[in-house]
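Me: Could you take one residue of this model for a close look, and then place it in its helix, its chain and the contact between the chains? I would like a careful, connected account.

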Amino acid sequence: MYEFNFAPVLASFDQLLVGAWLTVRLSCAAMLIGLVVSVFCAWGKTAGPAILRHVIDGYIEIIRNTPFLVQIFFIFFGMPSLGLRLSPNSAALLALVVNFGAYGTEIIRAGIESIHKGQVEAGWALGLSRPQIFRYVVMKPALRTVYPALTSQFIYLMLNTSVVSVISADDLAAAGNDLQSATFASFEVYIAVTLIYLALSVGFSALFYALEKAAFKYPLGR
Amino acid sequence: MIRAFGWNEFLVIVAAAQWTIALSAIAFAGGSVGGLLVALMRVSETRALRLFATGFIRVFQGTPLLMQLFLVFFGMNIFGFAINPWIAATIALALHASAFLGEIWRGCIEAVPKGQREAATALGLRYFRSMRHVILPQAARIAVAPTVGFLVQLIKGTSLASIIGFTELTRQGQIINNATFSPFLVFGTVATVYFLLCWPLSLIARRMETRFSRATAR
C-alpha cells in the first residue's frame, strides 16, 4: 500500500502560496484588461459599422471554438515569426485577455441588449450627455444584469490560467510542477495545488456574492 | 535536421484529429452515464445523495481540468495501475464531463413542471417509471442545446490530454513543430482543425437554443 507523504509539501507550502498569489494577480489583470476589450467589442457589435461587426464576430467564433492551449501555443510560439516576441508571462497574459475578451463580449452584449430603448430616450429627455447615458443608463444596469455570468466567467478564467504553466509562465500550477520535480511526491503536490485552486474559486465566489450585495443594492424598478 | 512543413506534415496533423474525436466520444459516453447519475442524485429526495452530488459538482467545477488530469494520471500509479495517458485522460475527462453534464441536466429535470411528476404519481407510477416515461423525455428536449454546447467545451478540453503525453491533435502539432519549426503554420493548422470540429456544433447548439426559446415563449 502506498504511503502518503505530505511532509515535503507542507515544508514548501509557502512556494505554493506564492504561486497562488501569482495566479490571482494574473487572473485579475487578465479580467480587468479583458473587460475593457469586452466593453469595446460589445459596443462595436451593437453600434459599430458593419465591417467592425464582422471582424468582432470572427474573433469571437475563432476564440470560442478553439482550445485555450492551442491559442497560447499560437501566441507564444507562432507570433515571433510575425515579429512579436513575448516573454512567457506576457504571452500568458495576452492569451488570457484575448480568450476572456471573446467570452466577455458576448456577456456584455447580452447585457446591453437587455436595456430597453426607452431607457436611453428617457436619459436624453432628462438632458444627460452621451457619456452619462452610456455610463449610468446603459452600462450600470447592464453590468448588474450580467454580473453573475461575468463572475462565473472569471472563475473559469482563473482555472484556465493553470494552462499557462506549459509555456513556463509563473503561476500556481508552475509552482506545483517545480515542487513536484524537487520532491517527487507528485500526487501529494497536485492534491495540495488542486485544493488551493478549489479554495480560490470558493473564496472568489463568496467575494463576488458580497460585492454584488454591496454594489447593486439600489432597488430594482420593474 | 529541420524538415519543411509540407503536405505530409499537414496530413499527419489532420489524421491526429481521430484521436481527439475518439477521446471526446469516449469521455462524452462515460460522462453521459455519470452525468445522469449525478443529475438524479442531485434531485433525489435523499439528503445524503444530494449532498454527495453537490460536492462532486463543486469540486470538479471549482478546480482546473489540468489538475484533474494530473491527479488521475499520478493517482493511477499510486493505486497500482501502470501509468497510461490514454486511460488517465479518458477517466479524468469522463469524471469532468459527469460533473458538468450532471449540473446541466439537473437544471433540465427541474425545468419540467412539478405537476408532471404529481400526475405520474397520481397515475400510480413509481420513481423509476415516472422518471423513465414522464420526466426524462421532457427534460431531454430541453437538454439537447446545452449538452451540445458542453460537447464543444469537452472537445477543447481534450487538448489538455497532450500535457500528460497522450498524442492527440495538439500533441501531434507539438511533435511536428519540433521537427519543422514552423509554429505559425503548425498551430494555425491545429487551430483550424479544432475550429472545424467545434464550430458546426456551436452553430447547431445556438440554432436549437433560439428555436427552443421561440417555441416555449409565453
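Reply: **A close look at one residue**

A:A210 counts as exposed because 10 other C-beta atoms lie within 10 Å of its own, and a residue with 12 or fewer such neighbours is classed as exposed. This is a predicted model, and every statement below should be read with that in mind.

A:A210 belongs to helix α9 of chain A. As for its relation to an earlier part of the chain, A:L26 stands 184 residues away from A:A210 along the sequence, and the C-alpha atoms of the two residues are separated by 22 Å.

The helix that carries A:A210 also matters for the contact between the chains, to which chain A and chain B each bring 29 residues. On the side of chain A that touches chain B, at least two residues come from each of α3 (50–64), α4 (68–78) and α9 (186–215). Of the elements on that side, α9(A) gives the most, with 10 residues. By character, the residues on the side of chain A that touches chain B divide into 19 nonpolar, 8 polar and 2 charged.

Turning to chain A as a whole, the chain has 9 helices and 0 strands, and its C-alpha trace spans about 75 × 45 × 25 Å along the principal axes. Of its 222 residues, 38% are buried, while 77% of the contacts in chain A with a separation of 6 or more join residues that are 24 or more positions apart. The confidence of the prediction is given by a mean pLDDT of 91 for chain A, with 97% of its residues at 70 or more; among its elements, α3(A) has the highest mean, 96, and helix α1 (residues 7–11) the lowest, 84.

The annotation can be set beside this geometry. An unreviewed UniProt entry lists "domain: ABC transmembrane type-1" for residues 20–208 of chain A, a span that is 82% helix and 0% strand, with its end C-alpha atoms 18 Å apart. The UniProt annotation "transmembrane region", also from an unreviewed entry, covers residues 20–44, 65–84, 145–169 and 189–211 of chain A. Two of these spans can be compared in detail: residues 20–44 of chain A are 100% helix, with end C-alpha atoms 35 Å apart, whereas residues 145–169 of chain A are 64% helix, with end C-alpha atoms that also lie 35 Å apart.

On the other side of the contact, chain B has 8 helices and 0 strands, and its C-alpha trace spans about 75 × 45 × 25 Å along its principal axes. Of the 218 residues of chain B, 42% count as buried, and residues 24 or more positions apart account for 75% of the contacts in chain B with a separation of 6 or more.

One helix of chain B deserves separate attention. Helix α6 (residues 127–157) of chain B has 31 residues, yet its end C-alpha atoms are only 35 Å apart, short of the 45 Å that a straight helix would reach at 1.5 Å a residue. A bend of about 45° is found in α6(B) at B:A143, and a proline, B:P146, follows within four residues. The residue at the bend, B:A143, is itself one of the buried residues of α6(B), which also include B:I135, B:A139, B:T147, B:F150 and B:K156.

Key: Residues are numbered from 1 along each chain as its sequence is written. Chains are lettered from A and ligands numbered from 1 in the order in which they are written. This is a predicted model: local features need pLDDT of at least 70, side-chain atom pairs count only at pLDDT 80 or more; totals for chains, interfaces and linings use all residues. UniProt positions are given in the numbering used here, feature names are shortened, and annotations may be inferred rather than shown by experiment. Two residues are in contact if their C-beta atoms, placed from the backbone, lie within 7 Å. Ala, Val, Leu, Ile, Met, Phe, Trp, Tyr, Cys and Pro count as nonpolar, Asp, Glu, Lys and Arg as charged, and the others, Gly among them, as polar. A residue is buried if 20 or more other C-beta atoms lie within 10 Å of its own, exposed if 12 or fewer, and partly exposed in between; C-beta atoms are placed from the backbone. The expected span of a helix is 1.5 Å times one less than its number of residues. The bend at a residue is the angle between axes fitted to the seven residues ending there and the seven starting there. pLDDT is the predictor's confidence in each residue, from 0 to 100.
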